[in-house]
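Let's take a walk through a protein model together, starting with the whole chain and then zooming in. Keep the picture beside you as you read.

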Amino acid sequence: MRPLSEWLPHDWRQRLYIIIFEADTREGRLFDIALLVAIVLSVLTVVVSSVPAVQATMPIPMAILEWFFTLLFTAEYIARLLSAHRPMRYALSFYGIIDLLAILPTYLAILVPELHGLIDVRLLRLMRAFRILKLTAYVNEAGILSIALYNARRKILVFLGFISIIVVIFGTLMHIIEGPEHGFTSIPVGIYWAIVTLTTTGYGDVVPVTGLGKAITGFVMLLGYSVIAIPTGIMGAEIHSAMRRKPITTRTCGQCQTEGHDPDARFCKHCGSELGPYQTDTAPPPEPS
């Protein structure tokens, strides 16, 4: 008996594979956008149908919508199995398991109604949005993030040291200015207040009462907003530097489903399998000089 994945001609399988598993062509992007919209709408249907008033007034329309999305995702899952070069590799991959879990709860709920709530697992499929946003490196190339963290380690340590000095100074000042009668019973309590205020969370369990204390609080709050941007800028610059080393694509290996290969790559960087021709309707970004 022929495998399920060989029921389609090779050229149709390859074209379907590029549309479903990649997002560098117009058809691939449209497919992913339509899929994301369907996922959001299906989850909203489940959320709305859990409202007692909706359950009482519109049970049949909600059931029809749920089965519509379930059948739609079932067809998509079968299409992925048909187009994948190694269907079992896809079925056992992270996304393959999530895709299966997205349709199983509706079928299993026929026998066990309590499993109906598990249908919200479809939200995990929104991770495919990273491919459309060209952020594949964040998902499939964790090495870039680790390289960025390693390169920024000294800057981050200096920043943490600077923050530690600030919270100790302002925590001590508030202990002296406000005193135990206003809740600042010790310097550690003042440091706790400084950390909470500097991070702009402001629980309100320890607050200043005096005018000078309130003035210092306002300054620390403004300082907190300014220092938040520092680690973000450090990591953003390092990640951008790491990502500029090569253009990011959604080119996927048909054997191991690894994404993010270079446009001119001939073999998979993960399993070594030969890659199919790269197809895109936009010019790849230029190599950094």
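What pattern does the chain follow when it is read along the sequence? The answer is α-α-α-α-α-α-α-α-α-α-α-α. In other words, the secondary structure comes to 12 helices and 0 strands. Please keep in mind that this is a predicted model.

Now for the chain as a whole. It has 289 residues, and 38% of them count as buried. You can also ask how far apart in sequence the partners in a contact are. Among contacts with a separation of 6 or more, 61% are between residues 24 or more positions apart.

The UniProt record, an unreviewed entry, adds another layer to the picture. It places the feature "transmembrane region" at residues 33-54, 60-79, 91-112, 132-150, 157-177 and 215-237. Let's look at two of these spans in the model. Residues 60-79 are 100% helix and 0% strand, with end C-alpha atoms 29 Å apart. Residues 91-112 are 73% helix and 0% strand, and here the end C-alpha atoms lie 24 Å apart.

Next, let's see how two helices meet. Two packed helices are described by the angle between their axes and the distance between the axes. For helix H4 (residues 59-83) and helix H6 (residues 94-108), the axes come within 9 Å and cross at roughly 145°. The crossing of H4 and H6 is left-handed. On the H4 side, the residues that take part include Trp67, Leu71, Phe73 and Tyr77, while the H6 side includes Gly96, Leu100 and Ile103. The residues of this contact divide into 7 nonpolar, 4 polar and 4 charged.

Which residues of the largest nonpolar core touch the most other members? They are Phe21, Ile39, Phe73, Tyr77, Leu81 and Tyr90, out of 16 residues in that core. Helix H1 (10-21), helix H2 (26-49), H4 and helix H5 (87-91) each supply at least two residues of this core. The largest share, 5 residues, comes from H4.

Tyr77 is a good place to pause, as it appears both in the contact of H4 with H6 and in the largest nonpolar core. Leaving aside its neighbours within four places in sequence, Tyr77 is in contact with Tyr90, Ala91, Gly96, Asp99, Leu100 and Ile103. Apart from the largest core lies another core, of 15 residues, and among them are Ile163, Phe170, Trp193 and Leu198.

Technical notes
Residues numbered from 1 in each chain as written. Predicted model: local features only at pLDDT ≥ 70, side-chain atom pairs only at ≥ 80, totals over all residues. Heavy atoms only, no water. Axes fitted to C-alpha atoms, helices over the stretch in contact; angles between N-to-C directions. Helix = DSSP H or I, 4+ residues; strand = E, 2+ residues; numbered from the N terminus. Left-handed = near helix turned anticlockwise from the far one by under 90°. Contact = heavy atoms within 4.5 Å. Nonpolar A, V, L, I, M, F, W, Y, C, P; charged D, E, K, R; others polar. Core = buried A, V, L, I, M, F, W, Y, C linked by side-chain atoms within 4.5 Å. Buried < 20%, exposed > 50% of the residue type's maximum accessible area, 1.4 Å probe, protein only. UniProt positions renumbered as here; feature names shortened; annotations may be inferred.
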